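Hello,

Here is the structure I promised to pass on. Please open it next to this email and follow along.

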Amino acid sequence: MTVKQLPETLINQIAAGEVVERPASAAKELIENAIDAGATRIDIATAGGGKALLRVTDNGFGMDARDLELAVRRHCTSKLDGSLDEIRSLGFRGEALPSIGSVARLSISTRRQGAPHALRIQVEGGKVSEVGPAPGNFGTVVEVRDLFFATPARLKFMKSERAEAGAITEVVKRMAIAFPAIRFVLSGTDRSALEFPATGDDHLARIAQILGADFRDNAIALDAVREDVALTGFAGIPTFNRGNAAHQYAFVNGRPVQDKLILSAIRGAYAETVPQGRYPVAVLSITLDPALVDVNVHPAKSDVRFRDAGLVRGLIVGAIREALTREGARPSTAGAGAMLRAFRPGMGGFGTSAGGNAGWTPASSPSRPLASGLMQPGLAETPQGRFDSLAMPTARSEAAPIETRQAVERDFPLGAARAQLHANYIVAQTRDGLVIVDQHAAHERLVFEDMRKALSGRRLPSQGLLIPEIVDLPEEDCDRLAAHAQEFDRLGLALERFGPGAMAVRETPAMLGEMDVPSLLRQLADEIAEWETAGGLFARLEHVAATMACHGSVRSGRVLRAEEMNALLRKMEETPGSGQCNHGRPTYVELKLADIERLFGRS
């Protein structure tokens with residue numbers, strides 16, 4: 001078979017298969033070009049999920065005739081100067097526009113400041129037109145029509161118009177979070193208009209535009225540095241979680257990425273704090289020397305490789321855990337909000353009453369207090385007096401009234417215990433509301449944190465094997481395990497090399513009891529190979545500790561004295577992560593006085 005040179009058009013179509021996987025890929029490339037051009041406003045319009053039309057308009061620098069002619073040629077770029085070690089722009093490969101032009105009908109209109117008119121060039125299925133004059137404002141308009149018309153086989157693999165439009169929306173959201181000083185407008189016949197006004201330096205305000213106003217009230221600021229790597233952003237408290245990982249955003253030197261190392265670090269940082277099947281909300285921005293990260297891993301530029309992956313992962317895990325320790329004990333505002341949304345004023349209480357509550361207003365309620373202080377009919381003193389003989393519920397203790405008053409006066413975050421309901425829920429009064437605590441879940445968390453401290457504070461107890469277990473492994477896996485032998489030894493796992501392709505295990509962690517040693521070693525070796533870390537053993541030990549804490553904590557159904565309840569509240573205030581149990585469920589909910597008044601229609 002004779003070797004021959006492929007035609008330029010076919011080469012571009014092959015390249016387009018990597019760069020432009022779907023309409024959202026094209027949108028990402030065009031938005032990156034607009035940002036690199038210094039735009040402060042970017043308008044994106046779509047039709048047919050981006051397959052029929054994708055138009056990106058910006059107010060950036062624009063191009064002259066020579067730049068415009070070169071822009072649609074492969075490997076022509078203004079953003080790279082002879083080295084891949086100093087990439088400080090979003091685009092740099094010079095492949096996006098020629099790739100799009102090879103599979104679609106591409107039109108570019110551009111005008112620089114001071115130019116008498118705009119210029120236009122068109123590319124249709126790889127065929128390039130001459131540069132000619134055109135009307136247009138300052139900036140650039142890139143219009144892509146009939147995407148993949150030149151490669152109809154690719155169209156068969158596209159999803160529905162709605163799904164493709166949603167993917168473009170997600171691209172715009174990620175770019176909007178990364179660049180809060182830019183105004184983004186997304187519109188089209190296949191969607192509702194979406195606008196993200198510029199917020200300048202207020203990054204949290206932009207994030208709130210994307211993730212909702214609740215995120216502002218449930219986010220913890222991150223600001224950490226390790227060696228030459230800086231981490232900023234916001235981490236949601238554990239009880240503010242979602243059903244998938246779509247609300248986790250990561251940026252490296254301003255570039256939106258979907259890197260598995262970063263996602264793994266987020267998951268590890270929230271271990272034992274978020275319920276299984278739920279995902280934390282986080283927005284992380286990593287800044288480091290461009291020479292320490294490779295963004296040229298894939299033409300789509302969504303994956304990166306760090307020179308020191310362990311340092312980056314450790315920075316993320318440490319910063320998030322420190323933030324959760326500092327502020328993560330507070331409850332999610334979504335809990336009280338859901339309660340208020342579920343409540344329907346009137347005799348029906350929560351949900352829909354049998355008689356309905358249509359037309360109810362605070363002003364029309366017969367229970368509304370009058371300004372004069374007079375009682376409404378139905379609450380006269382005679383029927384009210386029938387309640388006088390009833391004993392008031394209380395968490396009885398002789399010192400309770402004084403202790404309660406002192407706790408409220410000292411403004412403890414969780415207040416002072418006032419009662420215990422159903423032998424499981426502690427009701428505490430705070431200065432400006434009340435707190436309801438699940439005593440079992442709260443104490444379970446306290447016991448677990450004590451055990452976690454013991455895990456990290458000394459070498460864990462181990463049990464020696466009468467006969468060392470020899471595990472045959474590939475030599476590269478043995479090298480990985482041997483490099484982490486000291487770390488494993490601190491956790492009670494003593495191992496050493498036993499020839500070129502085997503490991504000898506002499507001790508195993510006592511907490512794990514009988515175990516499948518070969519399976520554990522293979523799992524640890526795979527983890528080191530993929531993540532360059534070995535946290536799986538510690539995670540398994542923590543899981544055992546969590547189970548022991550669950551069985552060793554105060555059980556539901558146990559009646560507590562007032563001083564016991566208050567001691568539990570004070571311990572929760574001192575313990576990091578006490579806002580949720582080991583399974584990620586909230587340990588308490590809080591209602592402010594304003595919320596309570598809303599429940600009764602007083603505000």
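A residue counts as buried under 20% relative accessible area, as exposed over 50%, and as partly exposed in between. Asn253 has a relative accessibility of 32%, so Asn253 counts as partly exposed. Please keep in mind that this is a predicted model.

**The chain as a whole**

The chain has 603 residues, and 46% of them count as buried. Its secondary structure comes to 20 helices and 25 strands. Take the contacts with a separation of 6 or more: 68% of them join residues 24 or more positions apart. The exposed surface of the chain is about 30,500 Å². Carbon and sulfur atoms supply 53% of that surface.

**The cores**

The largest nonpolar core holds 92 residues. Which of them touch the most other members? They are Ile42, Phe184, Ile262, Ile286 and Phe306. Helix α10, residues 309–327, gives the most to this core, with ten residues.

Phe306 is worth selecting on screen. Neighbours within four places in sequence aside, Phe306 is in contact with nine residues that you can click through: Val252, Asp259, Leu261, Ile262, Ile286, Leu288, Leu292, Val293 and Val312. Two of these, Ile262 and Ile286, are also on the list of core residues that touch the most other members.

Another core lies apart from the largest one. It has 15 residues, among them Val471, Leu495, Met503 and Leu524.

**Helices α9 and α10**

Helix α9 covers residues 260–269. It packs with α10 at an angle of about 35°, and the two axes are 9 Å apart. The crossing is right-handed.

Which residues make the contact? From α9 they are Leu261, Ile262, Ser264, Ala265, Ile266, Gly268 and Ala269. From α10 they are Ala309, Val312, Arg313, Ile316, Val317, Ile320, Arg321 and Leu324. By class, that is eleven nonpolar, two polar and two charged residues.

**Helix α4**

Now go to α4, residues 96–103. This helix is mostly covered, with eight of its eight residues buried. They are Ala96, Leu97, Pro98, Ser99, Ile100, Gly101, Ser102 and Val103.

**Two positive phi angles**

Most residues other than glycine have a negative phi. Two residues here go the other way. Phe148 has a positive phi of about 70°, although it is not a glycine. Its place is the loop between β7 (139–145) and α5 (152–155). Is Phe148 buried or exposed? Its relative accessible area is 2%, so Phe148 is buried.

Asn253 also has a positive phi, of about 50°, and is not a glycine. Asn253 sits in the loop between β13 (248–252) and β14 (255–257).

**Three more residues to click on**

Phe61 lies in the loop between β2 (53–58) and α3 (65–71). Its relative accessibility is 57%, so Phe61 counts as exposed. Phe61 still has contacts beyond four places in sequence: Asp36, Ala37, Gly38, Arg111, Arg112 and Gln113. Phe61 and Thr140 are 79 residues apart in sequence, yet 7.9 Å apart in space, C-alpha to C-alpha.

Ala134 is in strand β6, residues 132–134. Its relative accessible area is 8%, so Ala134 is buried. Leaving out neighbours within four places in sequence, Ala134 is in contact with His117, Ala118, Leu119 and Arg120. From Ala134 to His117 it is 17 residues in sequence and 6.5 Å in space, C-alpha to C-alpha.

Pro280 lies in strand β15, residues 279–280. At a relative accessible area of 7%, Pro280 is buried. Its contacts, again without neighbours within four places in sequence, are Asn241, His247, Gln248, Ile266, Tyr270 and Val274. One of these, Ile266, also belongs to the α9 side of the contact with α10. The C-alpha atoms of Pro280 and Thr239 are separated by 8.2 Å, and the two residues are 41 apart along the chain.

Best wishes

Definitions and conventions:
Residues numbered from 1 in each chain as written. Predicted model: local features only at pLDDT ≥ 70, side-chain atom pairs only at ≥ 80, totals over all residues. Heavy atoms only, no water. Core = buried A, V, L, I, M, F, W, Y, C linked by side-chain atoms within 4.5 Å. Buried < 20%, exposed > 50% of the residue type's maximum accessible area, 1.4 Å probe, protein only. Helix = DSSP H or I, 4+ residues; strand = E, 2+ residues; numbered from the N terminus. Contact = heavy atoms within 4.5 Å. Areas by Shrake-Rupley, 256 points an atom, 1.4 Å probe, with all protein chains shown as cover. Axes fitted to C-alpha atoms, helices over the stretch in contact; angles between N-to-C directions. Left-handed = near helix turned anticlockwise from the far one by under 90°. Nonpolar A, V, L, I, M, F, W, Y, C, P; charged D, E, K, R; others polar.
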